[in-house]
Amino acid sequence: MLHAEPEGNACAAELHEALYYLQHRGQDACGISTCATGGRIFQCKGNGLASKVFRDGARVQDLPGYMGECAFGHVNLKAEDNAGLGHLRYPTAGTSANAEAQPFFVNSPYGISAAHNGNLINAAELRDFLDREAHRHINTESDSELLLNVFASELNTTGKARINCDDIFAALGRMYERLEGGFACTAMLAGFGIIGFRDSYGIRPLVLGSRLASSGQGRDYMLSSESVALQQLGYLKSNIQDIKPGQAVIIQKGAEPVFASVQPQKRYCPDIFEFCYFARPDSVIDAMSVHQSRENMGYKLAHRIAKVLSPSQLEEIDVVMPIPDTSNTTAPCVAARLNKPYRQGFVKNRYVFRTFIMGGQKARQKGVRRKMNAMEQQFVGKNVLLVDDSIVRGTTSREIVLMAKEAGAKKVFFASAAPRIRHPHIYGIDLSSPSELIAHKRTVDEIATHIGAEKVIFQELDDLIDACRQAAPSDHTARETQDFEVGVFNGQYVTPVPDGYFVHLERVRGETKKIKMIENARGAVANGSADPEEIMMATNGAEVKDDGSVVASGPLDAGNMPVVNGNHSHLPNGKRKRTLEEHEKPKRTMDISMHNQDDFEVED
């Protein structure tokens, strides 16, 4: 975001507000960076929701947002500039450490703060380049830090004390040649301006909006993953545009945005899962209305249901119900097309703790019931058709079917607005390991049996693609020609995928999961609810298999005990000596960027 004029910390305040509009895009961590007088970067970031990290806005006042008198390129940015970045983290690669909250910052060259949405699939290669050739130190496991440092390295090759837009575009072009994956990024150069750029396949979304400044002098600019944040902050729809694949934009104080294609567009394939699940329904992505796409999914799904179910099965359906919230748009269209009553049968608790990776099946099932409650009067004696946006692990679906039957439903049919998810998502929406995906190596009938439904119906991929295409305006070319990234459904990814990447991905996921599972196992032992597997894990630690699964480590016997100075290092009760990497990691870590605002204040 770049404001044309100062209003205290108005930039930080608006970025903070925007984080709430986009909170659905990441609940793991968040942060804001602003540029103050003299080009000094200030930031506040940490793990948790925006309300927690910024203490319901109390910490925003500590983020000054004036780009000071710092000469760069062809302009001098005066003290009236007001600029900053905001980010919400949805964990993909790496860990959930506080140090990996964004934006990231590097002081050389020129002072750069950056935020990244997506995932780089050649992270190992980039890390090697930064170590051996660029000689830049990487302090976290985040691929976002890699991206920032690759950009910084390429920008540093100019050797200039002052740079211009051409230098930045050239550096981005060289960076694009090194990156593989999906990314949409914003960056802020101290005292210079803000930058936005998008991968050459257009996988991750990025939009730019402009509005007249409050004084009527100059214009404000803002980049965002979704149009809803811009519109809520007063940016008119007519002044919002998509950043195209391979395109970058630079915005400086008092100047019009400068656009350049830093890499030729390879394909135009937005991630279709944005429309199925991730994006807010009131957003428009690449000219396609998310709300309209989900309505279209409902009509297409109804046609599929009528084709799959027998006439007698269709006849016995009494009511259609959504699984809140995403399918609230889709389910009414299914009901209307099937000429069936539509009812809300589940109430969602919006204030419950998140049910991300839990240590066991019982914990996940309990998490579903915390989030959702079935209204008995809507189910008693009825045959119900439940509609959900997708089925990933099946844990939620299975528990919901059970809840419906416990509430009195006679039969439960289950329909998914998305096709079967059989492959991992590799561009920034971390779903599950292939072995955890319910549709991986299971037939539709086996899935129905697993979740306890009479029948499960999945959307066809061609119908899903057409539903999204038809969400574009009637005169838009997207209605006929728009492609999408659909690798989660058919395994055919838009970008080249390095050999061994999926094995590496499972190991990374497994290592992250292992830490959480060991902590959960120790907690279960402490409160007396541990099962034998958890006791073994708490005692001996855990191991990650090649498929990413985590299992308890077995005790070592005398025959395979490590030998130290010729003697077996026996441990009492058959306990296994934990390796260095298994020792408990710090609970709280932070990056070493300067001006981090009170990351470790004592909480009340």
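**Helices and a sheet, with reasons**

User: What covers the buried residues of α5?

Analyst: In this predicted model, the cover over α5's buried residues includes α4 (143–156), β10 (181–189), β11 (193–198), β15 (247–251) and β16 (258–261). Among the residues tucked away there are Cys165, Ile168, Phe169 and Tyr176. Buried means under 20% relative accessible area, so each of those falls below that cut-off.

User: How do you know that the length of α5 agrees with what a helix should span?

Analyst: Take its 14 residues (165–178) at 1.5 Å a residue: the expected span is 20 Å. The end C-alpha atoms are 20 Å apart, so the two agree.

User: What makes the link between Asn164 and Asp166 a polar contact?

Analyst: A side-chain oxygen of Asn164 comes within 3.1 Å of the backbone nitrogen of Asp166, at the start of α5. The cut-off for an N or O pair is 3.5 Å, so this one qualifies.

User: How do you know which side of α3 the buried residues are on?

Analyst: The buried ones in α3 (residues 123–134) are Ala123, Leu126, Phe129, Leu130 and Ala134. They cover an arc of only 120° around the axis, so they sit on the same side of α3. Over on the other side, Ala124, Glu125, Asp131 and Arg132 are exposed.

User: Why are β19 and β24 called edge strands?

Analyst: The open sheet has four strands in the order β19-β22-β23-β24, with parallel pairing. β19 (319–322) and β24 (455–458) each pair on one side only.

User: What makes β19 and β22 a pair?

Analyst: Pairing takes at least two bridges, and four join β19 to β22 (residues 383–388), so they count as paired.

Definitions and conventions:
Residues numbered from 1 in each chain as written. Predicted model: local features only at pLDDT ≥ 70, side-chain atom pairs only at ≥ 80, totals over all residues. Heavy atoms only, no water. Expected span 1.5 Å × (residues − 1). Buried < 20%, exposed > 50% of the residue type's maximum accessible area, 1.4 Å probe, protein only. Contact = heavy atoms within 4.5 Å. Polar contact = N/O pair within 3.5 Å; in protein donor to acceptor, adjacent residues only side chain to side chain. Arc of directions from axis to C-beta.
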